[in-house]
Amino acid sequence: FYSYRDPNLEETYQKYNLAAKYAIDGKFKEQDLVDAKIVAFQKIDKAKDPADEGLEFFLRDYKTEQLDYVRKQILGTTKNDIMESAQKYLASQKTSKVVCSKNELSTEEKLRAEGWKIIDIDMLVH
């Protein structure tokens, strides 16, 4: 999960945790999975300029057979597959929360109060 320019970090992370639990517990319908597959196919198979498509195949070393394999994997994904993946990747205690923010004292104080560890990137760069 990620968020961009989010003024409500803790609320967002609570929602992420609820979404993970929702997937782990399988509280989604079969139609939700079908809809997700349709969105995935729309992204994979969207119309592209032939030059862009050729460049993508060249840069990423894609083969038509590989994309066909990915399509078959998506098509064959089951509710149980989603639940197992969510358990494996979203329930892990090895998750991290990272915030990149401008250096404002009010932001830093708020994050510290919420239990965040602040690392000044300027110190890492120099």
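**Seven helices and some charged pairs**

Arg71 and Asp68 sit 3 residues apart in helix 4 (residues 64-76), so about one helical turn separates them. Helices here are DSSP runs (H or I, at least four residues; strands are E, at least two), numbered from the N terminus. Keep in mind that this is a predicted model, where local features need pLDDT of at least 70 and side-chain atom pairs count only at pLDDT 80 or more, while totals for chains, interfaces and linings use all residues. Residues are numbered from 1 along each chain as its sequence is written, and side-chain values use heavy atoms, with hydrogens and water left out.

**The whole chain**

- Scroll along the sequence and you get the pattern α-α-α-α-α-α-α, which is 7 helices and 0 strands.
- The chain has 126 residues, and 13% of them count as buried (under 20% relative accessible area; exposed is over 50%, partly exposed is in between; 1.4 Å probe, protein chains only).
- Its accessible surface adds up to about 10800 Å², with 56% of that belonging to carbon and sulfur atoms (Shrake-Rupley method with a 1.4 Å probe; for residues, only the protein chains shown count as cover).
- Take the contacts (heavy atoms within 4.5 Å) in the chain that have a separation of 6 or more: 64% of them link residues 24 or more positions apart.

**Salt bridges**

- The chain has 4 salt bridges (a side-chain nitrogen of Lys or Arg within 4 Å of a carboxyl oxygen of Asp or Glu).
- One of them ties the side chain of Arg71 to that of Asp68, at 2.9 Å from N to O.
- Arg71 is partly exposed, with 22% relative accessible area, and Asp68 is partly exposed too, at 34%.
- There's a third player here, since salt bridges with shared partners link Asp45, Asp68 and Arg71 into one network.
- Over in helix 1, Lys15 and Glu11 are 4 residues apart, so there's about one helical turn between them.
- The side chains of Lys15 and Glu11 join in a salt bridge at 3.3 Å, N to O.
- Lys15 counts as exposed because its relative accessible area is 51%, whereas Glu11 is partly exposed at 43%.
- Asp25 and Lys21 make another salt bridge through their side chains, at 2.7 Å from N to O.
- Asp25 has 32% relative accessibility, so it's partly exposed, and Lys21 is partly exposed at 44%.

**Helix 1 against helix 5**

- Helix 1 packs on helix 5 (residues 79-90) at an angle of about 140°, and their axes are 7 Å apart (lines fitted to C-alpha atoms, for helices over the stretch in contact, with angles from 0 to 180 degrees between N-to-C directions).
- That angle makes helix 1 oblique to helix 5 (under 35 degrees is roughly parallel, over 145 roughly antiparallel, 65 to 115 roughly perpendicular, and the rest oblique).
- On the helix 1 side, Ala20, Ala23 and Ile24 are the residues that meet Met83, Ala86, Gln87 and Leu90 of helix 5.

**Two residues to look up**

- Thr12 is part of helix 1, and its 15% relative accessibility is why it counts as buried.
- If you ignore neighbours within four places in sequence, Thr12 is in contact with Ser3 and Asp6.
- Phe1 belongs to the segment before helix 1 (9-24), and it counts as exposed because its relative accessibility is 61%.
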